[in-house]
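Subject: A structure for you to look at

Hi,

Here is the structure I promised to pass on to you. Please open it beside this email and follow along as you read.

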Amino acid sequence: MRRRLLTLAAVLALGAAAVVSGARLHAIPEPDALGKQLLYLPTPEILKLASLGNQGLMADLLFIWSIQYYSQFAVDEKFLYLETVFDLVTDLDPRYFDAYRIGALIMTLQRFGDPAQHKAAIVRLYDKGLRNMPESWELAEVAAWDAHLVLNDQELAVRWMKAAAERPGAPPEVKRVYGRWRDNIHGWTVEDSIAYWEGIVAEATARWTSGWRRATSTTAT
């Protein structure tokens, strides 16, 4: 019985010591425990040379690394070199849709620093993507919804949704959303309605003419 009591006391003492030691260890500041300090970021020119012509592959590697790197940060920490990293990725591959989308998403997560600066970085990244992918209504639509729901900037949302609606292949739903948002902010005039329906008629006529020509060509052959 006495041995059991001594054993139990020893276990309790060791447990208490472990708890105290663990608390003290956690209290000790760890210098850059996650390796967040980047000493050097290559320029796009150096990365292009290092890629040996495989710039898309280099962009993929840097993109995957960036997701792993920034997943180590807490939202109240400064996301180091965030805009620079995604600028590098999109310089290597200017048509990298996911880099613009995920880069902007990570930028919205950060809570450290000035929100206005974070927003400006998001706008710069999306505008860069829209310049580099002028035919992509999908990227413009994603940017517009981020502006509408995340940035809470309706003027910016209308601008980007307008870009999406004007790009080739944009579905009618995108054009309707643009019209509704614009109406909510600026009002929808008679001239706007006429221009909108003229555009729809022109698009429908162009599709009908193209289909008729293909059918005629097939019949003739």
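Let's begin with a small cluster of charges: D87, D91 and K128 are linked in a network of salt bridges. Please keep in mind as you look that this is a predicted model.

That network belongs to a wider set, since the structure holds nine salt bridges. In general, side chains of opposite charge can pair when their charged atoms come close. Three more pairs are worth finding on your screen.

The pair R101 and D146 forms a salt bridge, with the closest N and O atoms 3.0 Å apart. R101 lies in helix α5 (residues 97-109) and D146 in helix α7, so this pair ties together parts that are 45 residues apart in sequence. R101 counts as partly exposed because its relative accessibility is 23%, while D146 is buried, with a relative accessible area of 9%.

Next, look for K119 and D153, whose salt bridge has its closest N and O atoms 2.6 Å apart. K119 is in helix α6 and D153 is in the loop between α7 and α8, so the bridge ties together parts that are 34 residues apart in sequence. K119 is partly exposed at 28% relative accessibility. Is D153 buried or exposed? D153 counts as buried, because its relative accessibility is 18% and the cut-off for buried is under 20%.

D153 has another role to look at. It caps the N-terminal end of α8, where a side-chain oxygen of D153 lies 3.3 Å from the backbone nitrogen of E155.

That brings us to helix α8 itself, which covers residues 154-166. How far apart should the ends of its 13 residues be? At 1.5 Å a residue the helix should span 18 Å, and its end C-alpha atoms are indeed 18 Å apart, so the two values agree. Several residues of α8 are buried, among them L156, V158, W160 and M161. A163, A164 and A165 are buried as well.

The third pair sits inside this helix. K162 forms a salt bridge with E166, and the closest N and O atoms are 2.6 Å apart. Both residues lie in α8, four residues apart, or about one turn of the helix. An α-helix has 3.6 residues a turn, so residues three or four places apart point the same way. K162 is partly exposed, with a relative accessible area of 33%, whereas E166 is exposed at 57%.

Now go to Q154, which also lies in helix α8. Q154 has a relative accessible area of 26%, so it is partly exposed. Which residues does Q154 touch, not counting those up to four places away in sequence? They are H148 and I185. With H148 there is a polar contact of 2.4 Å that joins the two side chains. You can also compare Q154 with A144: they are ten residues apart in sequence and 8.8 Å apart in space, C-alpha to C-alpha.

Helix α6 (residues 115-132) is home to D127. D127 is buried, because its relative accessible area is 18%. Leaving aside neighbours within four places in sequence, D127 is in contact with R159 and W160. You have met W160 already, as one of the buried residues of α8.

For a view of the outside, turn the model to find W145, L149 and V150. These residues form a nonpolar patch on the surface, with about 290 Å² of accessible area together. L149 is in helix α7 (residues 137-149). L149 counts as exposed because its relative accessible area is 61% and the cut-off for exposed is over 50%.

Finally, zoom out to the whole chain. How many helices and strands does the protein chain have? There are ten helices and zero strands, so to speak a string of α elements: α-α-α-α-α-α-α-α-α-α along the sequence. Of the 221 residues, 31% count as buried. The accessible surface of the protein chain comes to about 14,300 Å², and 62% of that belongs to carbon and sulfur atoms. Among the contacts in the chain with a separation of 6 or more, 61% are between residues 24 or more positions apart.

Happy exploring!

Best wishes

Technical notes: Residues numbered from 1 in each chain as written. Predicted model: local features only at pLDDT ≥ 70, side-chain atom pairs only at ≥ 80, totals over all residues. Heavy atoms only, no water. Patch = residues over 30% accessible without salt bridge, like charges linked within 9 Å, V, L, I, M, F, W, Y side chains within 5 Å. Areas by Shrake-Rupley, 256 points an atom, 1.4 Å probe, with all protein chains shown as cover. Salt bridge = Lys/Arg side-chain N within 4 Å of Asp/Glu carboxyl O. Helix = DSSP H or I, 4+ residues; strand = E, 2+ residues; numbered from the N terminus. Buried < 20%, exposed > 50% of the residue type's maximum accessible area, 1.4 Å probe, protein only. Contact = heavy atoms within 4.5 Å. Expected span 1.5 Å × (residues − 1). Polar contact = N/O pair within 3.5 Å; in protein donor to acceptor, adjacent residues only side chain to side chain.
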